[in-house]
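This report walks a new reader through the inside of one protein chain. Please look over the sequence and the fold before reading on.

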Amino acid sequence: MLEEQLKVLKKTFDKYAGKDGDKGSMSKAELADLLREEFPGMAGDKKQLDQFFTGLDGDKDGTVSFPEFVQFAATLLLMLMSQM
């Protein structure tokens, strides 16, 4: 089950990453596209997106890698589960 979920995460990441260059990472614009398409209402305004992106970019290299994206997904899942 976990393996299937990771495959879905990887597929989603790959769908958006690399449009601006490196397929192994996601730019802020690519993250904005992902949020608009996959999580309507979460993209917010530019300031919120900047803060969100900064929080995801753990190594501060200006991109979101797949491991950073997985951390985001796990955090999102925990937040949703705590609301149940």
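## Aromatic cluster, core and pocket

Phe-13, Phe-52, Phe-66, Phe-69 and Phe-72 together make up one aromatic cluster. The model is predicted, with local features requiring pLDDT of at least 70 and side-chain atom pairs counting only at pLDDT 80 or more, while totals for chains, interfaces and linings use all residues. Residues are numbered from 1 along each chain as its sequence is written, and side-chain values use heavy atoms, with hydrogens and water left out.

Rings of Phe, Tyr and Trp (its six-membered ring) pair if their centres lie within 6.5 Å, and the planes count as stacked when under 30 degrees apart, as edge-to-face when over 60 and as tilted for the rest. Across the whole structure, the search finds five aromatic pairs, including the two tabulated here.

| Aromatic pair | Centre to centre | Angle between planes | Class |
|---|---|---|---|
| Phe-13 and Phe-69 | 5.5 Å | 50° | tilted |
| Phe-66 and Phe-69 | 6.5 Å | 35° | tilted |

The pair of Phe-13 and Phe-69 links distant parts of the chain, since Phe-13 lies in helix H1 and Phe-69 in helix H4, 56 residues apart; helices here are DSSP runs (H or I, at least four residues) numbered from the N terminus. Phe-66 and Phe-69, by contrast, both belong to helix H4 and are three residues apart, about one turn of the helix. Phe-13 and Phe-69 are both buried, a word that stands for under 20% relative accessible area with a 1.4 Å probe and protein chains only, and for Phe-69 the relative accessible area is 2%.

Phe-69 also appears in the largest nonpolar core, where, of 16 residues, Met-26, Leu-31 and Phe-69 touch the most other members. Such a core is a set of buried Ala, Val, Leu, Ile, Met, Phe, Trp, Tyr and Cys residues joined through side-chain atoms within 4.5 Å. Leaving aside neighbours within four places in sequence, Met-26 is in contact (heavy atoms within 4.5 Å) with residues including Phe-13, Leu-31, Leu-34 and Phe-53.

The charged end of Lys-10 sits over the ring of Phe-66, 5.1 Å from the ring's centre; this term requires NZ of Lys or CZ of Arg within 6 Å of the ring centre and within 35 degrees of the ring normal.

How values were computed:
Buried < 20%, exposed > 50% of the residue type's maximum accessible area, 1.4 Å probe, protein only. Helix = DSSP H or I, 4+ residues; strand = E, 2+ residues; numbered from the N terminus.
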